[in-house]
Amino acid sequence: MEDVLQKKVKVKKQKKSKKRKKAISNIAFDTVNLIIIALLCVIFLLPFWMVVISSFTANSAIQMNGYQIIPEKLSLEGYKYVFSASEINFVRAIGNSLFVSLMGCLITVILTLFTAYVLSKKQLVGYKFINAFYLVTMFFAGGMIPLFLVVRAVGLYDSIWALIIPGAFNLYYVILVRSYFFSLPDALEEAAVLDGANDFQILVKVFLPISVPMVLTIAFFCFVDKWNGWIDALLYLSPQNTKTWPLQFVLKNMLEDMSILGSSASGTVTPVLTAKSVGVVIAILPLMVIFPIIQRYFVNGITIGAVKG
């Protein structure tokens, strides 16, 4: 009996020691992770913080002391100049980017939903051929020059619609939504058919309400793509027609060509460095506002159609 009790006591001690070791190792692991994450946060956020701070710093202070974490002299001269300077059309550029992003997002979502719904119907005549036809476009494309020639031939050149129509259809979004539609039970559609619903009603009233995470994810992807896009403006917009320039294209020119921010007509010195920081802050502000609102749908929207079942 004593040997049995001693063995039990030893086993309990061993278990306790193992738990202590695991607890210590877990604490050490969590501590190291927290340190690494904190360092990464500082590395990632510090440049952004310096840009934001420099946008509220006097241009003379930046010229004298460079970019600093804590500003020495606060000023709104950069914001005043950017929104009052007629030569860079910043306010109009913001409106153009909002129109391109929102309208492009709406058109892309509509095209994606309709195309994905059709491609998810295996009873469709020529189903395999149509799906293969779409997939081929992911690997082979006409290229930039043929697309430019098409845009010019159809009369979209030097029009704000040239920033929306050519990239309105994205096959990657279609595949995501189609995979999600595949994962939906057939009973939903069968019940709607028995109630007399047609395909359009099934898509709008049955599939769309339960596809909100997927739709919002695609809408966010599209909005970011359109908002950050400037290459289309370089290709399809005339350099003389500044009224249609989007924000990112104006910002690109502003960052690359300091002559755009030259001295004003009154002879006063233009706050070049501060104005550049202001442009960056304004350009990323909408994304910072939108992302926290839809981030709860973001992960679900990406993974919801990844597994069928």
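**Cavities and a helix pair**

Trainee: Which helix gives the most to the lining of the second largest cavity?
Mentor: Keep in mind that we're looking at a predicted model. The lining is made up of Leu119, Asn131, Tyr134, Leu135, Leu171, Val174, Ile175 and Arg178. Two helices, α5 (127-139) and α7 (171-183), each put in at least two of those residues. The top contributor, with four residues, is α7.

Trainee: How much space lies in that second largest cavity?
Mentor: Its lining splits into six nonpolar residues, one polar and one charged. As for the space in the second largest cavity, it comes to about 30 Å³.

Trainee: OK, and how many cavities of 30 Å³ or more are there?
Mentor: The largest one holds about 70 Å³, and the second largest holds about 30 Å³. With the cut-off at 30 Å³ or more, the count is two.

Trainee: Moving to the largest cavity, which element supplies the largest share of its lining?
Mentor: Start with the residues: Met50, Ile53, Ser54, Thr57, Ala61, Ile62, Gly66, Tyr67, Gln68, Pro71 and Glu72 line it. The elements giving two or more of them are α1 (2-55) and α2 (59-65). With three residues, the largest share comes from α1.

Trainee: How many residues in the lining of the largest cavity are charged?
Mentor: Sort that lining by class and you get six nonpolar and four polar residues. What's left is the charged class, and its count is one.

Trainee: Now the helix pair. At what angle do α4 and α10 pack, and is that parallel or oblique?
Mentor: Two packed helices are described by the angle between their axes and the distance between the axes. Here the axes of α4 (residues 90-119) and α10 (residues 212-228) lie 8 Å apart, and the angle is about 140 degrees. Roughly antiparallel would need an angle over 145 degrees, so the word for α4 against α10 is oblique.

Trainee: What's the handedness of the crossing, and which class dominates the contact by count, nonpolar or polar?
Mentor: α4 passes α10 in a right-handed crossing. On the α4 side, the contact residues are Ile94, Ser97, Leu98, Val100, Ser101, Leu102, Gly104, Cys105, Thr108, Val109, Thr112 and Leu113; α10 brings Val215, Ile218, Ala219, Cys222, Phe223, Lys226 and Trp227. By class, the contact has one charged residue, five polar ones and 13 nonpolar ones. So the answers, given how the classes are drawn, are right-handed and nonpolar.

Conventions
Residues are numbered from 1 along each chain as its sequence is written. This is a predicted model: local features need pLDDT of at least 70, side-chain atom pairs count only at pLDDT 80 or more; totals for chains, interfaces and linings use all residues. Side-chain values use heavy atoms; hydrogens and water are left out. On a 1 Å grid over the protein atoms alone, a cavity is a set of points where a 1.4 Å probe fits but cannot get out, and a pocket is an open set with protein on both sides within 12 Å along at least five of seven lines; lining residues have an atom within 4 Å of a point. Grid points are joined across faces, edges and corners, and a volume is the space filled by probe spheres set on the points. Axes are lines fitted to C-alpha atoms, for helices over the stretch in contact, and angles run from 0 to 180 degrees between N-to-C directions. Angles under 35 degrees count as roughly parallel, over 145 as roughly antiparallel, 65 to 115 as roughly perpendicular and the rest as oblique. A crossing is left-handed if the near helix is turned anticlockwise from the far one by less than a right angle, and right-handed if clockwise. Contact means heavy atoms within 4.5 Å.
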